[in-house]
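Student: Could you give me a close look at one part of this model? Pick a single strand, and then show me what lies around it.

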Amino acid sequence: MANVVAELKDLHTYFHTEEGVVKSVNGVSLLIHEGQTVAIVGESGCGKSVTALSIMGLIDEPAGQIVSGEILFGGRNLVKAGRKELERIRGKEIAMIFQEPMSALNPVLSIGDQVSEALIEHLHLSKKAAWQKAEELIALVGIPRAKEILKAYPHELSGGMLQRVVIAIAVSCNPRLLIADEPTTALDVTIQAQILDLLMEMKRQLDMSILLITHDLGVVAEVADYVVVMYGGKVIEQASVLSLFANPQHPYTISLLKAKPDLGQRKKRLYAIPGQVPNPLHLGKACHFMDRCAYRKDICREGQPELQEIGPDHLAACWLYEEEKTDVRTARSG
Ligand SMILES: Nc1ncnc2c1ncn2[C@@H]1O[C@H](COP(=O)(O)OP(=O)(O)OP(=O)(O)O)[C@@H](O)[C@H]1O
């Protein structure tokens, strides 16, 4: 097994609001290995982005806070790192790309100035050397006429081109981990596949790991090695992409897969998971998926089931499997 690049251990990130405490990330543990693409999936509001922002040290303080847990990266616990150290790591060792390329770019700075910025700051290149490197990077991400593009401003480029620029900036310092939060969602469908291909090509060429955040299981099937399914701020299932798609275990994952549109298959109506994601302001004692679950039983009211191994490197947190464990124990003692 390849080396671990990043590890989250029981991460809790909360926001203190006037309405109360929003438990956005409520005990997330995960591993990202070298060269691996790990996808975090789940519906809107289940804590995917807040997990990513926690790793980047970009949680809005003081309202938002990592209240407990560890983020281990390069031998350090980033939860304990100071602002200066996080600034050094961000953009250099860990880079992030967002859904909206326009919001990641400064409208009044040229593309060249923006691509060279991290090179000057983190690699201490001169402005001239940074512009030269920026030209190479623009060509690397597949934008023709790189020299001209460096002089252009964001409003002169299409969404797909802008996302390529953002990727060029993200990979400019050769990060070990690239976090991509819904990197294709805001783009035209015809461009989405190209941007995903580019990300995978960059990963291969630059030997990075990728943490991909998406609600699109089609994207996951295409690019991920390992999948982490989140629900209500927790990981409810995790497995290799093959195992997860072939053998989903948690009722929520099964519903997500059922709700996935299949290309080429004409369904009259797409299946939608009934009910709504739990409100992280009011997370009760019962399993957070209980109200929407076709398999619910009385025991689901009793609390949150723990993640447990249900196959080789395949974990799920569901009372269905906790009960099996109990049955085995009862059988043994009897
Ligand atoms: N700054 C904030 N203040 C208060 N609550 C927040 C804040 N940021 C996120 N939340 C809440 O935390 C929960 C998780 O949000 P998060 O953005 O991580 O979800 P997500 O799974 O990434 O969904 P999406 O795909 O819509 O971004 C949501 O209920 C959200 O409203």
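Tutor: What follows starts with one strand, moves through its partners, and ends with the chain as a whole.

Keep in mind that this is a predicted model. The strand to look at is β9, residues 226-231.

Start with burial. Six of the six residues of β9 are buried, and the strand is mostly covered. Look at the two faces in turn. Y226, V228 and M230 point one way from β9. V227, V229 and Y231 point the other way. Both sets are buried. The cut-off is simple: a residue is buried if 20 or more other C-beta atoms lie within 10 Å of its own.

Now the neighbours in the sheet. Strands of a sheet pair through backbone hydrogen bonds, either parallel or antiparallel. β9 gives you an example of each: it runs parallel to β3 and antiparallel to β10. Strand β3 covers residues 37-41, and four bridges join it to β9. To find the register, go to V38: its bridge partner in β9 is Y226. Strand β10 covers residues 234-240, and its pairing with β9 runs over six bridges. Y226 serves as a marker here too, with S240 as its bridge partner in β10. So Y226 is a good residue to select on screen, because it is bridged to V38, is bridged to S240 and is buried, a term that needs 20 or more other C-beta atoms within 10 Å.

Follow the chain out of β9. β9 and β10 form a hairpin with two residues between the strands. G232 in this hairpin takes a positive phi near 55 degrees.

Next comes a helix that covers part of this region. Helix α11 spans residues 251-258. Its buried residues are P251, Y252, T253, S255 and L256. They pack against β9, and also against β3, β10, α9 (217-223) and α10 (241-246). Both pairing partners of β9 are therefore on that list, where contact means C-beta atoms within 7 Å. A rule helps when you view any α-helix: there are 3.6 residues a turn, so residues three or four places apart point the same way.

Compare two other residues with positive phi, neither of them glycine. H124 has phi near 55 degrees. H124 sits in the loop between α4 (111-123) and α5 (127-140). H124 is exposed, with 9 other C-beta atoms within 10 Å. E182 has phi near 50 degrees. E182 sits in the loop between β7 (177-181) and α8 (189-206). E182 counts as buried, because it has 20 C-beta neighbours inside 10 Å. One more backbone detail is worth a click. The peptide bond between E61 and P62 is cis, with omega about 0 degrees. P62 lies in the loop between α1 and β4 (64-73).

Turn to another sheet for contrast. This open sheet has four strands in the order β2-β1-β4-β5, with antiparallel pairing. Its edge strands are β2 and β5 (76-77), and each pairs on one side only. β1 and β2 share eleven bridges. One of their bridge pairs is F15 with V22 in β2.

The same F15 takes you to the ligand. The ligand is surrounded by 16 residues, and the closest are F15, S24, S44, S49 and V50. β1 (4-17), β2 (20-33) and α1 (48-56) each give two or more residues to this shell. α1 gives the largest share, three residues. By type, the shell holds five nonpolar, nine polar and two charged residues.

Finally, step back to the chain. UniProt lists residues 6-257 as "domain: ABC transporter", in an unreviewed entry. That span is 41% helix and 28% strand, and its end C-alpha atoms are 27 Å apart. The chain has twelve helices and twelve strands. Its 334 residues would give a compact globule a radius of gyration near 20 Å, and the chain's 21 Å agrees. The C-alpha atoms fill a box of roughly 75 × 50 × 45 Å along the principal axes. Buried residues make up 40% of the chain. Among contacts with a separation of 6 or more, 64% join residues 24 or more positions apart.

Terms used. Residues are numbered from 1 along each chain as its sequence is written. This is a predicted model: local features need pLDDT of at least 70, side-chain atom pairs count only at pLDDT 80 or more; totals for chains, interfaces and linings use all residues. UniProt positions are given in the numbering used here, feature names are shortened, and annotations may be inferred rather than shown by experiment. A residue is near a molecule or strand if its C-beta atom, placed from the backbone, lies within 6 Å of it. Ala, Val, Leu, Ile, Met, Phe, Trp, Tyr, Cys and Pro count as nonpolar, Asp, Glu, Lys and Arg as charged, and the others, Gly among them, as polar. A residue is buried if 20 or more other C-beta atoms lie within 10 Å of its own, exposed if 12 or fewer, and partly exposed in between; C-beta atoms are placed from the backbone. Two strands pair if DSSP finds at least two bridges between them. The radius of gyration is taken over C-alpha atoms; the globule rule is 2.2 Å times the number of residues to the power 0.38. Two residues are in contact if their C-beta atoms, placed from the backbone, lie within 7 Å.
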